[in-house]
Amino acid sequence: MSDVRCSTFLRHYKCMESTQFNNQVLKHSDKLFRLAKSILRNGDAAQDAVQDLIVKLWEKRNVLDDVENMQAFTMRSMRNLCLDAIRQNREEEELPVELEYIDPNPHQQTERKDLASLIRRLIDNLPELQRTIIRMRDVEEMEISEIAYITLLTENAVSVNLSRARQKIREQILNEQKRVEETVWK
Amino acid sequence: MEMMNKLLEKYFRGETSLAEEAELKRYFASQEVKKEHEIYRALFVVFDHEKRETAKVPLKKVLAKQNKMKQLWIRTFSYSGIAAALILALWIQRPQQNEDYAVIHGRRIDSPEYAQQYAAKKVNDINEILKDGLKPMHRMEVVKQNLQLLNKISKTQDRINEIEKTHIINN
């Protein structure tokens, strides 16, 4: 499915009614929001991005009628829109797209009372592609073929990135466990 | 236990199927998680929590608002277009007549030559009327000149009288 081009999803032109639009596109809005939030790492920006996408899709609803996999199509569009926003933001503000993981200071450590919040931060600090893939697989429970279509990668490349992302998280979790155990013994 | 270890290793290698991952999720959501696996429980808890996160703003309302705004613009442009078309149609359909004409004694005259001749005749008539009107003024000028002569005689008489008076006083 990774080599499937957009044109195969859009065979001919028909007008999509608003009810149909609600049923076929808006039902994915929560997934789109989670994907946008994962890429942009900002809830408000993600909300704006989802709204922008929904409006764009509504304006082009006449070409959406024959999209075979609406979820994959909208998720790919969402990712592209978010990546464009990041690029634009980087050009305007010269902010790095990928932030390196920085060990939390003592104040931040006290804020992170549980392992769950640490894991969230670990995922957020993965490179964009890896965090997008791990969330699409482990949160959205999408097939590798769908993720490949959305990210424009081969299925093998998706599996490799997924493995790397999970291994990194595992290492960080084990390091954290080790650190906690050392602190307790001291 | 051994099976779960293998499944976890397979999971971290990115080789598990969705069904196997669902099995892992069920295991970590249960109360039967082994102590050595407990460290990974938070990972699956995070995935479960993130899955429940929803979009904050009801998008249907956003879409409805966007539609209303669009409809308003369409309506405004439509009405403006209709009004402009009506004005244009009226302008195009206006009577294509010669706007230069004269009215003489309540009758419309479209011939410019006739109107010019009529106007020239009227100017001559006015000229004649003015000439006749100035004749009494000429007569009054003659009377005035005659009165001036009489006035001179009167002044001469007064002078003679004064001389006579002076002569009587001296004598």
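**Exercise 1. Work out how exposed the partners of the Asp110(B) salt bridge are.**

Start with Asp110(B): its relative accessible area is 44%, so this residue is partly exposed (buried means under 20% relative accessible area, exposed over 50%, partly exposed in between, with a 1.4 Å probe and protein chains only). Next comes the partner: the side chain of Asp110(B) meets that of Arg108(B) in a salt bridge, 3.0 Å from N to O (a side-chain nitrogen of Lys or Arg within 4 Å of a carboxyl oxygen of Asp or Glu). Arg108(B), at 41%, is partly exposed too.

A word on the model: it is predicted, so local features need pLDDT of at least 70 and side-chain atom pairs count only at pLDDT 80 or more, while totals for chains, interfaces and linings use all residues. Residues are numbered from 1 along each chain as its sequence is written, chains are lettered from A and ligands numbered from 1 in the order written, and side-chain values use heavy atoms, leaving out hydrogens and water.

**Exercise 2. Which residues does the salt-bridge network join?**

Shared partners link Arg137(A), Asp138(A), Arg166(A) and Glu21(B) into one network. Within it, Arg166(A) and Glu21(B) pair up at 3.1 Å, N to O.

**Exercise 3. How many residues of each chain are in contact, and how many salt bridges are there between chain B and chain A?**

First, the contacts: 32 residues of chain B touch 41 of chain A (heavy atoms within 4.5 Å). Then the salt bridges: six run between chain B and chain A, and the structure holds 19 over all chains.
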